[in-house]
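Biologist: Could you take me through one part of this model up close? I'd like to know how the middle of the chain is held against its surroundings, and I'm happy to go residue by residue.

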Amino acid sequence: IDEVEPLVLRYRGAAKAQSEKEGGFCSAELRSLLASARLHEARGRHQEAAKEVRAMLEMLRENEANLRNVAASCAGLLLQAISCLSVLNPEAGDKELIKAVADKLSNLMA
């Protein structure tokens with residue numbers, strides 16, 4: 001984890017810069033948020049992981065109109081988040097966050 005953390009943080013920063021440069025939706029930034037959430041969970045920082053998932057949802061909300069072409073890719077990232085993050089585990093996770101992810105996933109797949 002110690003070796004990966006600086007890479008994840010650099011990826012997160014680069015993806016955010018790319019998103020700002022493009023001035024719109026950037027799937028790399030969405031992937032970087034998932035990578036960051038996974039890192040936070042590996043470190044036992046579950047609230048920080050949940051914060052990154054919320055940032056993913058906010059990004060999807062803000063770019064709703066642009067998502068038609070990449071909806072399947074975005075849905076795949078949310079499914080990956082569900083499968084690997086304990087904050088999205090129905091038995092032990094954040095119920096409000098789990099519902100928000102499920103609702104967004106449903107919208108993307110509609």
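What is the relative accessible area of R45, and does that make R45 buried, partly exposed or exposed?

Modeller: R45 has a relative accessible area of 30%, so R45 counts as partly exposed. Bear in mind that this is a predicted model, so everything below describes the prediction.

Let's start with what R45 is doing. The side chain of R45 makes a salt bridge with E5, and the closest N and O atoms are 3.3 Å apart. R45 sits in the loop between α2 (27-42) and α3, while E5 belongs to helix α1 (residues 5-22), so the pair ties together parts that are 40 residues apart in sequence. The partner is tucked away: E5 has a relative accessible area of 17%, which falls under the 20% cut-off, so E5 is buried. Applying the salt-bridge rule gives a count of 8 salt bridges.

Move along to the helix that follows the loop, and there's another long-range pair to look at. D94 and R54 meet through their side chains in a salt bridge, at 2.7 Å from N to O. This pair links distant parts of the chain, with D94 in the loop between α4 (71-84) and α5 and R54 in helix α3, 40 residues apart. For D94 the relative accessible area is 26%, so D94 is partly exposed. R54 is partly exposed too, with a relative accessible area of 36%.

Then there's K104 and E64, whose salt bridge has its closest N and O atoms 2.7 Å apart. Distant parts of the chain are linked here as well: K104 is in helix α5 and E64 is in the loop between α3 and α4, 40 residues apart. On accessibility, K104 comes in at 6%, so K104 is buried, whereas E64, at 28% relative accessibility, counts as partly exposed. As for R45 and E5, they belong to a wider set: salt bridges that share partners join D2, E5, R43 and R45 into one network.

Now for the helix packing around α3, taking α5 as the first neighbour. The axes of helix α3 (residues 46-62) and helix α5 (residues 95-109) come within 11 Å and cross at roughly 30°. An angle under 35 degrees counts as roughly parallel, so α3 is roughly parallel to α5. The crossing of these two helices is left-handed. On the α3 side the contact uses A50, V53, R54, L57, L60 and R61, and they meet L97, A100, V101, K104 and L108 of α5. By class, the residues of this α3 and α5 contact divide into 8 nonpolar, no polar and 3 charged. You'll recognise R54 and K104 from the salt bridges: R54 pairs with D94, and K104 pairs with E64.

On to α2. The axes of α2 and α3 come within 7 Å and cross at roughly 165°. That angle is over 145 degrees, so α2 is roughly antiparallel to α3. The crossing of α2 past α3 is left-handed. From α2, the residues E29, L30, L33, L34, S36, A37, H40 and E41 meet H46, E48, A49, E52, V53, A55, M56, M59 and L60 of α3. Sorted by class, the contact of α2 with α3 has 10 nonpolar, 3 polar and 4 charged residues.

One residue in that contact deserves its own look. S36 is in helix α2, and its relative accessible area is 4%, so S36 is buried. Leaving out residues up to four places away in sequence, S36 touches V8, R12 and E52.

Last, the other partner of α5. α4 and α5 pack at an angle of about 150°, with axes 9 Å apart. That makes α4 roughly antiparallel to α5. α4 also passes α5 in a left-handed crossing. A71, C74, A75, L78, L79 and I82 of α4 make the contact with V101, K104, L105, L108 and M109 of α5. This one has 10 nonpolar, no polar and 1 charged residues.

Methods: Residues are numbered from 1 along each chain as its sequence is written. This is a predicted model: local features need pLDDT of at least 70, side-chain atom pairs count only at pLDDT 80 or more; totals for chains, interfaces and linings use all residues. Side-chain values use heavy atoms; hydrogens and water are left out. Axes are lines fitted to C-alpha atoms, for helices over the stretch in contact, and angles run from 0 to 180 degrees between N-to-C directions. Helices (H or I, at least four residues) and strands (E, at least two) are DSSP runs, numbered from the N terminus. Angles under 35 degrees count as roughly parallel, over 145 as roughly antiparallel, 65 to 115 as roughly perpendicular and the rest as oblique. A crossing is left-handed if the near helix is turned anticlockwise from the far one by less than a right angle, and right-handed if clockwise. Contact means heavy atoms within 4.5 Å. Ala, Val, Leu, Ile, Met, Phe, Trp, Tyr, Cys and Pro count as nonpolar, Asp, Glu, Lys and Arg as charged, and the others, Gly among them, as polar. A salt bridge is a side-chain nitrogen of Lys or Arg within 4 Å of a carboxyl oxygen of Asp or Glu. Buried means under 20% relative accessible area, exposed over 50%, partly exposed in between (1.4 Å probe, protein chains only).
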